Amino acid sequence: MQDLVIRDAEVVDGSGADSYRADVVVDEGRIVAIVREAAAAGCQRPSAMRELDADALVLAPGFIDMHAHSDLALLRDPDHSAKAAQGVTLEVIGQDGLSYAPVDDRTLTEVRRAITGWNGHGDDIDFDWRSVGEYLDRLDRGIAVNAAYLIPQGTVRALAVGWEDREATPAELDRMRQLVAEGLEQGAVGMSSGLTYTPGMYAKDAELTELCRVVASYGGYYCPHHRSYGAGALEAYEEMVALTREAGCALHLAHATMNFGVNKGRAPELLGLLDKALAAGADISLDTYPYTPGCTTLAALLPSWASEGGPEAVLARLRDEETAERIRHHLEVIGSDGCHGVPIEWETIEISGVSDPGLASCVGTRLDGWATARHLLLTDRLGTTILQHVGHEENVRAIMRHRVHTGGSDGILQGTKPHPRACGTFPQYLGRYVRELGVLSLEECVAHLTGRPAARLRLPDRGLIREGHQADLVLFDPRTVAAGSTYEKPRALPTGIPYVLIDGRFVIEDGRRTDVLAGRAVRRTP
């Protein structure tokens, strides 16, 4: 007898096609039968050891978070309800060019310091890996949800070149090509960059193009956090389109927003640029989160020259009065490249988390100027995370309608007051932008969150409800599904998602997290 039959579900299958009513049978982790309109037709209904009445619930493929920062959270938090409770069954990690493989001992120490604000310092983690393959093997021991990995170009550059602002030598470029190829051979699905973060931002286009050629040769994709989401944003998008066209590489634009005052109402210009490239044959997709503020580290806003040499060099510059004044001038007058070329507006920056418990009272406050920011950077040793209130609702809505759009939380789980997108992105799409605002139909939205990202990841048996596909599934109530997380209570879990299955096993049952660890590393499909 089969393991499970989900009865009378309203199936939204991830393709964008109209929904239909069906019984769906699961056995040994796969969908083995779909019987449409079984009750109405009066036909013999499938049976199983367990039957789940899904009347009034929508059955969809599990959601794929195309931009996640759970690289250490998956290891330290077996519960991981921040994602599991949203219906997320697969996260793509290794984002923004900085993560923890491939590394050597030196690079690991430097990277841990550089992205403490994203993932914590990692004192609670046994870093018993160095290669991409070893990290994926570590995930295979059992995690809350599945994970795919992007090779982080900034980490690769730190390993082969260091943290200096200079061109790579031919030997160093060969080493970077080798590291990217090894990571792809070991199962990574592509490569990410953070081109407003050091040291990845020091790479010129020619260097990035050479690495993208390697990615393309393995059928992977390039996922850049490009050089600006503010001043010159359209030029930065065009740079990535041209670069990947030259390399023959698929392009996935990370958190593809148009932010700051200079870009208010300019989303149609971005979409026109992408439509032109798509019409010419480019392979492009993008992800966004359904919120207007962004989230990053306070240190990320510094000009690139101030970040050269790694975290200790940054702190030394901040301690020096003359250099600190030069940093202030770049931030407030010129427009730092770390802040997307826009002169900083301190009142838009809200402290969301600190590493030093003694600074806890700062969380939730807005910055009042450079003196406070400098004090935080030094005292918290670059570990401060922030929300930047610089987005525009009309841009958010326009971009999420596009035919190559997918969902990505960009969820940073560190800090006392993280961005609510970490716990709320997917129910926010379904509750606010489908049910309340009608920006997307339910079928369109589910396709954006499931079938389309699975196609980008080249996963032939995920992202759709089809016989033979992996039984990564979510059941939600379209009348009540909503993000529980808010800016005041960012860790509150969603409502209206009673069941989530990974590999046919319940990770959320009756709205509660089970103790099942069904997640594994999802490796690149040759």
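At what angle do helix H8 (residues 170–185) and helix H9 (residues 205–217) pack, and how far apart are their axes? In this predicted model, the angle between H8 and H9 is about 30 degrees, and their axes lie 9 Å apart. Angles under 35 degrees count as roughly parallel, and H8 and H9 are therefore roughly parallel to each other. Their crossing is right-handed.

The contact between these two helices can be followed residue by residue. From H8, the participants are Leu173, Met176, Arg177, Val180, Ala181 and Leu184. On the side of H9, they meet Glu207, Glu210, Leu211, Val214 and Val215. Sorted by class, this contact of H8 with H9 comprises 8 nonpolar and 3 charged residues, with no polar ones.

A second helix pair is formed by H11 (residues 267–279) and H16 (residues 393–400), which pack at an angle of about 25 degrees. The axes of H11 and H16 are 9 Å apart. Since angles under 35 degrees count as roughly parallel, H11 and H16 are therefore roughly parallel to each other. The crossing of H11 and H16 is right-handed.

In this second pair, H11 contributes Ala267, Leu270 and Leu271 to the contact. These residues meet Asn395, Ala398 and Ile399 of H16. By class, the contact of H11 with H16 holds 5 nonpolar residues and 1 polar residue, and no charged residues.

Key
Residues numbered from 1 in each chain as written. Predicted model: local features only at pLDDT ≥ 70, side-chain atom pairs only at ≥ 80, totals over all residues. Heavy atoms only, no water. Axes fitted to C-alpha atoms, helices over the stretch in contact; angles between N-to-C directions. Helix = DSSP H or I, 4+ residues; strand = E, 2+ residues; numbered from the N terminus. Parallel < 35°, antiparallel > 145°, perpendicular 65-115°, else oblique. Left-handed = near helix turned anticlockwise from the far one by under 90°. Contact = heavy atoms within 4.5 Å. Nonpolar A, V, L, I, M, F, W, Y, C, P; charged D, E, K, R; others polar.
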